[in-house]
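Please open the structure in your viewer and keep the sequence panel beside it. This tour suggests, stop by stop, what to select and what to look for there.

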Amino acid sequence: MKPDRKLFKPSVGQVRHLLILCISIAVSVILLLIRGGSSSAWHSPFKNVFTFTLFLFVILELVSLAADGRVRRRLMSSLAVLGKGKGRGRSRSFTPKKALIIVLALIGISFFCVHTTYRFDLTTDPLKPTKEIALASGEILEQQITGFEEEALAAVNVRFGTYGRDNEGTVRVSLYENGNEVDSWTLPSSIFNNNVYRPLELKSVLRMHRDSQYFLRFVEEYEGENTVSVWADREVGDGYMRDGVSHNGTLCYTLTYRNTGLKTRFMLTGALIGILITALIVLNLRETAVMAVILGVLMLVFMQICPPFMAPDEENHFKRAFEVAEIGYVSDHIGETGVGGSAMPLAINEYVGLYIEKDEEEENQGSGSASGSGTGSASGTVAGSGSASGSGAASSQTSGTAPVSADTAVETTPSPAALPETVTNRDKEKPAIPINWNETEENAYGNTALYSPVSYLPLAAGIRIANVVSDNVPTLFYGGRWAGAIVNFLLCVLALHAAPFGKRILFLIMTFPMTIQEMVVMTPDGFTIAVCLFFLAQILRLSYRVKKAHFPDLLVLGITSLVLAQLKIVYVVLLLLLFMIPARRFSSKQTALLFKGGTAGLAVLLNLIWLKISAGFLVEFQPGVDTPAQVRYVLTHIPSYYVVCARTFVNDFRAWISTMIGSNMGALNIGMTPIIWIAAALLFIYEISTCCENRSDVHKWDPVLLIAAFLLGSALILSSLYVQWTPYMNPVILGIQGRYFTPILGTLAYFTVFMRQNIRKQQGFDPAADSMRENGTYCHLLVLFYNGIAVLDIAKFFIAQMW
């Protein structure tokens, strides 16, 4: 007798509904008790037991129906017409695993919706605390509130004080509109921290009106001696009231506004995408197609939320791409230093100036933030400040930061004078900036002048195509962005299609939040990653899938090798992988040797030619850097240099991993929720350690070539930054970013897969029998989840532009 594997055993309908209702109520009450026993705010849209019970009841009813055989058969018979051959040849049975996938998808969508709660808030600037007003028992302290009309007020934040002492009793705070109480909070005096803002969140958002008056009232409800106080700025405002008596100054408060419309749009869009992908998985759509859909959707979303020049050096990359498209392939020498650049229309700098403010010294150097600095400008942001500019008019420094716990100080950004301009200009269009070749100026971009024009081919092609229909700079910019994104997407999809095994490993690299950002912005780094992954997939395909390599296969691989060699010199080591292809795949051993050696040799030769050309643009931007002396030091002190590399690895390894995945986005100035990179890293490790899809024996030298390519590539990355970016004889290497290792990460992953397969073979496992391929895994749902959180975090950083 087969074991019963159903999630819900068949029972009378009324009993089943009653059981589900009891479970929902019990869980809701437990969560409510947990919430009440916690001193910190519980960020949840469920305001009471009834709402949460209804939510749980609906989810459990859906799961119950999905597990019901009769409902399942009706549903699958209706969906069968969507499949090829109306369901023939492909299993349409609704298994417990599919039911679990639906449940996990609903949980993920729920968490995503919860995470949107505070992502679309803007908080006004705080006043300067200059005096402390103690709350006396029974006294009434009142402060009139001046807000912004027609904006949704979500919270009032008050700076309390305690004189550094512990207090007892409670303090009642009330919010009034035209003399009527609209909300109130009874707060234990023990929870106040000295000189820290306390968020008072409204039960529902309050739309503020021009003809209404609002004020806060504070009353201490304790008969004993306490030291609870409210801070005030004595130099601002018309005064506060204390027991009906007016005093100079204004109580220190800030107002948090919530863009409910934007929040709803993000929430619904995320939910719909989650439902779509879940449906594709449950319907057993081919895994490569599911991956392509997820990658395409994520790239579209990131394209919409990433403003111009948010990525490192994007402004210099735009100028270099414009030069390749409209001026020439090799830059000119600008100024006395001979830094690379060219003369281009003033409109280019006018457009860049809408988003980025540079100081005079930086403009004269023309360096931007040279690759490796990790502090490039991103849409006018200040690293670590949580501000963004680029709303289309001026550089309005804003970001939304919501309280994350009851004891957390509220971070604020726009001043009361700046927020109305941001809000009232929300529908203002960006100005048209046409190209005028009669008005030009020299632009220096020394770091990107070093890049080969091949790196910019997709971006330059998009700029050229956009220039056919418009001479507006924003149109040219987004033409380049879209062209680059499309080319990168196609290369990634072809790589997924070509890879004979380990597709999910490549997919996870492609869907790191940082990787997606690089693929949709105006930089060649995304193209570099896509080409390297496509090259790796082609190598694996010719090594383990095809019986004979035909001319089209060799032509594609040869062109890819030449393009790869022109991207960055540090990734030329990937050409070693050409020797993974067995000689039997060719017509003869001589043909194999000629193709591998000739392709690698020609690619290296072209790389050296460009290296010779670009050497004239090498300019030392960082203080203390002496490239010739550093090279001599490395060559004559190899053991010491090894210690430098080891020390750098120990100090920065965690930062490399986290930033490569996406712990910090933009120009590393957008802090992300830690669960994003942690979940992605764990999932990546899991997929590597469980990949058993290769049905063939591993070729003898393949693991050696893979690990050699990774180690040599890593060594070149470290050495190039030590020579060109690090001061002479510095004890550690500066400027290394995790994303530099992304193009070679696949070699390390497949090395691990091959070594594990060899170990299992030695233990007696047959690769053909041991291999497994599983469609519709939970991997796809988790990728959607942490990228959805990343989207919300980026949206929060740039909330002022979307307001």
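The stops below begin with the confidence of the model and then move through strands, helices, loops and a patch on the surface.

**Confidence**

Before selecting anything, keep in mind that this is a predicted model, and colour the chain by pLDDT, the predictor's confidence in each residue. The mean pLDDT of the protein chain is 80, and 77% of its residues reach 70 or more. Select helix H15, residues 513-520, which has the highest mean pLDDT among the elements of the chain, at 96, and then helix H10, residues 418-424, which has the lowest, at 39. Go on to residues 1-12, where the pLDDT is below 50 and where the model shows 12 contacts beyond near neighbours in sequence. Residues 81-91 also have a pLDDT below 50, and this stretch has 12 contacts in the model beyond near neighbours in sequence.

**Strands S5, S6, S8 and S3**

Select strand S5, residues 170-177, together with strand S6, residues 180-188; the two run antiparallel and are joined by eight bridges. Within this pairing, tyrosine 176 has glutamate 181 in S6 as its bridge partner. S5 and S6 form a hairpin with two residues between them, and in the turn you can pick out asparagine 178, whose phi is positive, at about 55°.

Now add strand S8, residues 214-221, which is joined to S5 by eight bridges, the two strands running antiparallel. Here threonine 170 has glutamate 221 in S8 as its bridge partner. S3 is joined to S8 as well, through six bridges and again in an antiparallel arrangement, and isoleucine 140 stands opposite valine 219 in S8. As you look along these strands, remember that in a regular strand the side chains alternate between the two faces of the sheet.

Is S8 largely enclosed by the rest of the structure or largely open? Six of its eight residues are buried, so S8 is largely enclosed by the rest of the structure.

**Salt bridges**

There are 17 salt bridges in the count for this model. Start with arginine 217 and glutamate 142, which form one of them, with their closest N and O atoms 2.6 Å apart. This pair links distant parts of the chain, since arginine 217 is in strand S8 and glutamate 142 is in strand S3 (residues 140-145), 75 residues apart. Arginine 217 counts as partly exposed because its relative accessibility is 24%, and glutamate 142 counts as partly exposed at 21%.

Next, select arginine 464 and glutamate 326, whose salt bridge has its closest N and O atoms 3.1 Å apart. Arginine 464 belongs to helix H12 (residues 457-469) and glutamate 326 to helix H7 (residues 314-326), and these positions are 138 residues apart. Arginine 464 is partly exposed, at 45% relative accessibility.

The third pair to select is glutamate 693 and arginine 504, whose side chains meet in a salt bridge of 3.4 Å, N to O. Glutamate 693 lies in the loop between helix H21 (674-690) and helix H22 (702-724), while arginine 504 is in helix H14 (residues 503-510), so the pair ties together parts that are 189 residues apart in sequence. Both glutamate 693 and arginine 504 are buried. Add Glu287 and Glu687 to the selection, and you have the network of Glu287, Arg504, Glu687 and Glu693, joined by salt bridges that share partners.

**Two buried residues**

Return to helix H21 and select alanine 679, which counts as buried at 12% relative accessibility. Leaving out residues up to four places away in sequence, alanine 679 touches Leu782 and Tyr786. Its C-alpha atom is 9.6 Å from that of phenylalanine 785, although alanine 679 and phenylalanine 785 are 106 residues apart in sequence.

Then move to proline 582, in the loop between helix H17 (551-565) and H18. Proline 582 is buried, with a relative accessible area of 10%. Which residues is proline 582 in contact with, leaving aside its neighbours within four places in sequence? They are Leu542, Ser543, Lys596 and His699. The C-alpha atoms of proline 582 and histidine 699 are separated by 8.3 Å, while the two residues are 117 residues apart along the chain.

**A surface patch**

For the last stop, select leucine 602 in helix H18, residues 589-614. Leucine 602 is partly exposed, with a relative accessible area of 42%. Extend the selection to Tyr329, Val330, Leu605, Leu606, Ile609 and Ile613, which form a nonpolar patch on the surface with Leu602, and which together with it have about 610 Å² of accessible area.

Conventions: Residues are numbered from 1 along each chain as its sequence is written. Side-chain values use heavy atoms; hydrogens and water are left out. Patches are made of residues with over 30% relative accessible area and no salt bridge: like charges are joined within 9 Å, nonpolar side chains (Val, Leu, Ile, Met, Phe, Trp, Tyr) within 5 Å. Accessible areas come from the Shrake-Rupley method with a 1.4 Å probe; for residues, only the protein chains shown count as cover. A salt bridge is a side-chain nitrogen of Lys or Arg within 4 Å of a carboxyl oxygen of Asp or Glu. Helices (H or I, at least four residues) and strands (E, at least two) are DSSP runs, numbered from the N terminus. Buried means under 20% relative accessible area, exposed over 50%, partly exposed in between (1.4 Å probe, protein chains only). pLDDT is the predictor's confidence in each residue, from 0 to 100. Contact means heavy atoms within 4.5 Å. Two strands pair if DSSP finds at least two bridges between them.
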